[in-house]
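Here is a short set of exercises to work through with the model open in your viewer. Try each task yourself before you read its solution.

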2 protein chains.
Amino acid sequence: MEVESRYVAVKHHVEGFPCEDDFEVKKTRLRWTPESGERIAAYGAGEVVASACEEYEAGDIVAGVLGWEDYTLFSPSPAVLMSKLSTSNDLPLSHHLSALGTSGMTAYGGLYEVCRPERGEKVFVSAASGSVGSLVGQFAKLAGCYVVGCAGTNAKVDLLKNKLGFDEAFNYKEEPDMKSALKRYFPDGIDIYFDNVGGETLEAALASMNTYGRVALCGVISEYTDPGRRATPDLLEVIYKRIIIRGFFAWDFMTRFGEFTGIIGDWIRQGKVQVIEDVSDGMESVPSAFTALFHGNNIGKKLVKL
Amino acid sequence: MEVESRYVAVKHHVEGFPCEDDFEVKKTRLRWTPESGERIAAYGAGEVVASACEEYEAGDIVAGVLGWEDYTLFSPSPAVLMSKLSTSNDLPLSHHLSALGTSGMTAYGGLYEVCRPERGEKVFVSAASGSVGSLVGQFAKLAGCYVVGCAGTNAKVDLLKNKLGFDEAFNYKEEPDMKSALKRYFPDGIDIYFDNVGGETLEAALASMNTYGRVALCGVISEYTDPGRRATPDLLEVIYKRIIIRGFFAWDFMTRFGEFTGIIGDWIRQGKVQVIEDVSDGMESVPSAFTALFHGNNIGKKLVKL
């Protein structure tokens, strides 16, 4: 079989914020052998249209590392993450890319395995309306914690407080001083900081942290586009308060994928967890959907339907 | 009983590097009630000259938080760390203030409990000829690790390589670029960094760190006197490499004091660990002994004999 397949490519090395013009949609003819290089891998879900392996047959729905393209060729191997989804599943396919995919793994593993919250502990989540943050905050509430999130628009703050059950939320763009904002929202200090942004937010969180505080370092979006904005954490605070800062990502918990997604799936069915998704349509919208992530224009998991 | 007791006091708030003129030796008459405030607490050993409690009697040798003074008054309580030393002990009294005191606890707890070294792992120690670093390096060798230390003079480097058994050591003042120095000494990367200094050394160590690397954050001497020299660690490296950075100090392991010092004492008796001490004499030498710590003038544990 041979098909014409469009894919999104990067035109040139990107410095600072990516913009839509950095990308272009190209076409290729795909045959059985994978063609290499410029296509961009991304976590996605799709339908198998042809297969030469026993494990997969046409019509199967799979989720894993696909590409920004119409058709993806892959060879099954232990290193390739490609799970077959049950078509009898009562949850929307899109959830397998958000709460039941890498975002859910990151949120569940990062909170429960890295931070190990105890009932009554105080949890701060940055980028709290994002795909990971929105789940972390809800998971922390289910663990009996006091949860405060920050986000960049008042609509997001409303969502956190009124739909997702955060105890408090604030718009960091309206706070001239993050340290005093955190002192106000955490009069008893922060026990757990789930960090999606890095930079001065991390510095401020460390300053408000309690003894034996834990920082799950999940992303540093404020630093991706400008290394000059790197955090200069006060390491004396880290020592005196015996803080643990730990970097991790979703793949670290892959062996427990079934366990985690089983729990999260049950919570969704029981209405205990809301899944927030922000879906764009069509290959041409991939670059704008991607670049918008760096400007905080999405709410929840950003997905593109091809 | 009443005695005249000299003590070292701080004259005024100190900014930046402490200097000898910031201190003065004062006199007081000490009676049973503790007099407060300006005297400076320090870990030390002494002989009990009078006691109103059953637990202690005149002639006992004790180690714990005493003061920079001739005589210290203390009331035993669970919060006061004051251990009686056996006079039959075959090791010098001074060792109870270094390898068998807080430095030993910091080195043993920080290496074995915080970093959990495995045989064959690569360990980097900064301020490696200091009281803690000199022990960490030797302990790591006993754990079967490859150990490299950095220090600030060639004499210290010689000590590390020729007396303390470090695999390699280098003078950081002779390295124009710490990152390339570490790439040279750790062609296979760093698994454990025992950080006594913070600043750019921490940044460079993170850049050379392997996946699942561990940083024990024990001190940030390069930052104490100048917050402008704070480290700006590359947090993306921390995430991608799943690095754990953990602050701690000796007191965290107090419940295991006996266990740790038992092991360290055996190693010393067996000649497996060398204890490096740098002893000054007399109350008047306390300020110069203390301020010298900030300029790297000591080798091993700095002690003052009163």
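**Exercise 1.** How many of the nine residues of helix α5 (residues 199-207) of chain B are buried, and why is this helix largely enclosed?

*Solution.* Before counting, some ground rules: this is a predicted model, in which local features need pLDDT of at least 70, side-chain atom pairs count only at pLDDT 80 or more, and totals for chains, interfaces and linings use all residues. Residues are numbered from 1 along each chain as its sequence is written, chains are lettered from A and ligands numbered from 1 in the order in which they are written, and side-chain values use heavy atoms, with hydrogens and water left out.

Step 1: fix the terms. Buried means under 20% relative accessible area, exposed over 50%, and partly exposed in between (1.4 Å probe, protein chains only). Helices (H or I, at least four residues) and strands (E, at least two) are DSSP runs, numbered from the N terminus.

Step 2: go through the helix. In α5(B), the buried residues are B:Gly199, B:Thr201, B:Leu202, B:Ala204, B:Ala205, B:Leu206 and B:Ala207.

Step 3: conclude. Seven of the nine residues of α5(B) are buried, so the rest of the structure largely encloses this helix.

**Exercise 2.** Trace the open sheet of twelve strands and find its edges.

*Solution.* Step 1: write down the order, where two strands pair if DSSP finds at least two bridges between them. It reads β8(A)-β7(A)-β6(A)-β9(A)-β10(A)-β11(A)-β11(B)-β10(B)-β9(B)-β6(B)-β7(B)-β8(B), and the pairing is mixed.

Step 2: look at the ends. β8 (168-171) of chain A and β8 (168-171) of chain B each have a single partner strand, so one side of each has no neighbour in the sheet.

Step 3: add the twist, which averages 15° from one strand to the next. Axes here are lines fitted to C-alpha atoms, for helices over the stretch in contact, and angles run from 0 to 180 degrees between N-to-C directions.

Step 4: see what packs on the sheet, with contact meaning heavy atoms within 4.5 Å. Helix α1 (residues 102-115) of chain B touches β9 (190-195), β10 (209-217) and β11 (244-247) of chain B, and makes about 145° with the direction of β9(B). Helix α4 (residues 178-185) of chain B lies across β6 (122-125), β7 (146-151), β8 and β9 of chain B, at about 160° to β8(B).

Step 5: check some pairs. In chain A, three bridges join the parallel strands β6 (residues 122-125) and β9 (residues 190-195), with A:Val123 opposite A:Ile192. In chain B, β7(B) and β8(B) run parallel and are joined by four bridges, with B:Gly149 opposite B:Ala169.

**Exercise 3.** Work out the handedness of the unit made by β7(B), helix α3 (residues 154-163) of chain B and β8(B).

*Solution.* Step 1: apply the test. A crossover is right-handed if, with the strands pointing away from the viewer, the path from the first strand over the helix to the second runs clockwise.

Step 2: read off the result. The β-α-β unit of β7(B), α3(B) and β8(B) is right-handed.

**Exercise 4.** Is A:Ser129 buried or exposed?

*Solution.* Step 1: place A:Ser129 in the loop between β6 and α2 (131-142) of chain A.

Step 2: check its accessibility. A:Ser129 has a relative accessible area of 3%, so A:Ser129 is buried.

Step 3: list contacts. Not counting residues up to four places away in sequence, A:Ser129 touches several residues, among them A:Lys156, A:Leu159 and A:Ile299.

**Exercise 5.** Which residues of chain A lose the most area to chain B?

*Solution.* Step 1: count contacts. 28 residues of chain A are in contact with 28 residues of chain B.

Step 2: take the area. Buried area is the accessible area (1.4 Å probe) that two parts lose on being put together, summed over both. Between chain A and chain B this comes to about 2,400 Å², with carbon and sulfur atoms giving 68%.

Step 3: name the residues. A:Leu235, A:Ile239 and A:Arg242 lose the most in chain A, together 25% of what that side buries.

**Exercise 6.** Compare the positive phi angles of B:Arg116 and B:Tyr212.

*Solution.* Step 1: B:Arg116, not a glycine, has a phi of about 45°. B:Arg116 sits in the loop between α1 and β6 of chain B and is exposed at 53% relative accessibility.

Step 2: B:Tyr212, also not a glycine, has a phi of about 65°. B:Tyr212 lies in strand β10 of chain B and is partly exposed at 48%.
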